[in-house]
Structure formats: structure tokens, C-alpha cells
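These are my notebook entries on a structure that I went through for empty space, surface patches and salt bridges. I looked up each topic in turn and wrote down what I found.

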Amino acid sequence: MALHLPKGKTLAVSIGADFDAHSVWMGTFGLRSPSVLSRGEFGAEVAVPRLIALFERYGVKATWCTPAHTMMTFTDQFNEILQAGGHEIAAHGCWHEPVPTLDVDKERHLMERTLEVHQKYVGKKPRGYRSPAWDFTNSTLGLLEEFGFEWDSSLMGRDFEPYHPRPVDVGWEEGSVLGPPSPLLEFPVTWYLDDFPHQEYVPGSNPGLGSTEVMFQRFRDSFDYAYKNALGGVLAITVHPQTIGRAHNIIGFERLIDYMASFPGTWFATLSDIYDTWSESE
């Protein structure tokens, strides 16, 4: 099982732009004050155009993981992404719901609503899913299979290698039991390659306000290791418009993209384009 990248391409780089806007504050943190919502507004109305322009300069095709709530609330900015061409829209929940807290009926309902909104605003169902919580319930994997998703990008069982995730029956004195591999392909993520926890100050939840140099050095180090040791693999970086679009961050982000683009064979691609190169045989 392996990726077979296009001729001349040696390492796939996925930039996942999680366009959460208001929903991350409402869904994940339960916050609805004007102050926190204005941070989501900045992400939509200021940062999205900045990112679109940056991606265009470097020929980056990104996977925009977008909650249904964002499509309905910031429709004009969402349409700018669609009109830019070449980018992909992946499912990212209905209102950035805390997935692990959901019962199966609520999770199914929110998945159905998410797909309805995708059909309305994108014109087609999404091929891939990223959990708003970067976590599952015991039902999530089965629901993704049932609703016909091809890939997921929420789990952390590898670093640069796609894989088929397995359900886990947790045991204690007898050990855990891993179930059969899912037909879904998993593109692994990691908090180390995510801008939000390092940068965003959330009172009482996350200190944020970290060094941009430290964050981008970690991103570069991961790229360097993958380019040297995981050729034919994929490096998945996650950014959030309201975070990465701030002036001090987007300067560093452009330097990072420029750095990665300087290496022969770097392929900036959507996760579905990368998925299409996957083969179950070597």
C-alpha cells in the first residue's frame, strides 16, 4: 500500500485550512461573546482573502475544512474560495461540534445536516472529513463509511504515511483489541503541525501567544525530516484563517511555503488529489 505521486513529485504537502470562523468558539469552547466572535469574523473577512492570494502566488491547492455553519454565515467569503479554483472543500462538522460528547443519534443528525449544506453551497458531497475535535466517538468511523466518505484526516496513528484506521476495543488487564482496517484512508494530523493551540489565546483554556519562530521551525523540521526520510509520503499542515492570517503569522507562513517550494519534487495538493494516487498494492 502506497502513494504513487505524479512524475517528478517526491513529497506531497497538504495545507488544510480549517475555516471555522464563529463555529470554533461556539462549538468547541462554548463562547459567544462579541469579542471571540469578532475573531472569527476577522478570519472570514480579512484572512481568507489573504490566504487565497498567498496560495495563488505559490500555486498551492488547499483543502478547506469548513463547517456548515461557516458556509451559511460567511457565504460571500466561502464563495471566494470556490471561485479561486483548484481548492477542495472537506466536511468539518455542522457547527464545530465536540464530537466525543455526542450520542449516535445526534452525531448522525449533524452529519446529515452537514451533507445537506455541502450539497446546497458546494453543489456536491465532500469526499473527505476532518473531525472538529480531531477525535471520534465509537460510532464515527462507521458513520463515515456509511455516508460514503473516501478519506478522513483526524487521527494520529502515523506521521507521513496514510493508513487505514481500525476501531479499538479498549481492554485493561487483557490488553486492547484492534478491529479490522476501515476502507477509509486516513491522512494523519498532529497538534504539533497546527497553528491554533500554539498561537490562539483562549481565556481559561489555552494560553496561546507562543513564539512564531518556534512554531514555524517545528513545521520546517517536520518538512525536512519527511523530505529526507519519507519520500512518497504526505506532510499534513493545519492552519486556521483567523490565526495564520494575522500579520505576524502570515509573514512566517509565506516564508515556510517559499522554503518548501524551493525543494524539487514538493507537491502542494488537496487531500483528495493525494488520495487519488493511493494504491492498495505497492
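Entry 1: terms and surface patch. I count a residue as exposed when its relative accessible area is over 50%, as buried when that area is under 20%, and as partly exposed in between. The model I am reading is predicted. By this cut-off V170 is exposed, because its relative accessible area is 53%. I located V170 in the loop between β7 (168–169) and β8 (177–178). I then looked up the nonpolar surface patch to which V170 belongs: V168, V170, W172 and L178 make it, and its area is about 480 Å².

Entry 2: cavity. I searched the whole structure for cavities of 30 Å³ or more and noted one. For the largest cavity I recorded about 50 Å³ of space. Its lining consists of G93, E97, V99, L102, E107, L110, M111, T114 and Y129. Which helix gives the most to this lining? I found that helix α5 (residues 104–121) does, with four residues. By class, I sorted the lining of the largest cavity into five nonpolar, two polar and two charged residues.

Entry 3: pockets. I turned next to the open spaces. The largest pocket holds about 390 Å³. I listed 16 lining residues for the largest pocket, and those nearest its centre are F136, L155, R166, P167 and V168. Nine residues of that lining are nonpolar, four are polar and three are charged. I note that V168 serves in the nonpolar surface patch and also lies in the lining of the largest pocket.

For the second largest pocket I wrote down about 310 Å³ of space. Its lining has 20 residues, and T28, H96, P132, W191 and F196 are the closest to the centre. Helices α1 (23–28) and α7 (195–199) are the elements that give two or more residues to this lining. I divided the lining of the second largest pocket into 10 nonpolar, six polar and four charged residues.

Entry 4: salt bridges. My search of the whole structure gave seven salt bridges. I looked first at R39 and E200, whose side chains meet at 2.5 Å, N to O. This pair links distant parts of the chain, with R39 in helix α2 (residues 34–58) and E200 in the loop between α7 and α8 (212–229), 161 residues apart. Are the two partners buried or exposed? R39 is buried because its relative accessible area is 18%, and E200 is buried because its value is 8%.

Entry 5: the partners of R127. I found a salt bridge between the side chains of R127 and E150 at 2.4 Å, N to O. R127 sits in the loop between α5 and β5 (128–129) and E150 in the loop between α6 (140–146) and β6 (151–152), so I entered the pair as a link between distant parts of the chain, 23 residues apart. R127 is partly exposed, with a relative accessible area of 29%, and E150 is partly exposed at 26%.

R127 also meets D276 in a salt bridge, at 2.6 Å, N to O. D276 lies in the loop between α11 (271–275) and β12 (278–279), 149 residues from R127. I recorded D276 as partly exposed, with a relative accessible area of 48%. I closed the entry with the network: salt bridges that share partners join R127, E150 and D276 into one.

How values were computed
Residues numbered from 1 in each chain as written. Predicted model: local features only at pLDDT ≥ 70, side-chain atom pairs only at ≥ 80, totals over all residues. Heavy atoms only, no water. 1 Å grid on protein atoms, 1.4 Å probe; cavity = no way out; pocket = protein on both sides within 12 Å on 5 of 7 lines; lining within 4 Å. Points joined across faces, edges and corners; volume = space filled by probe spheres on them. Nonpolar A, V, L, I, M, F, W, Y, C, P; charged D, E, K, R; others polar. Patch = residues over 30% accessible without salt bridge, like charges linked within 9 Å, V, L, I, M, F, W, Y side chains within 5 Å. Areas by Shrake-Rupley, 256 points an atom, 1.4 Å probe, with all protein chains shown as cover. Salt bridge = Lys/Arg side-chain N within 4 Å of Asp/Glu carboxyl O. Buried < 20%, exposed > 50% of the residue type's maximum accessible area, 1.4 Å probe, protein only.
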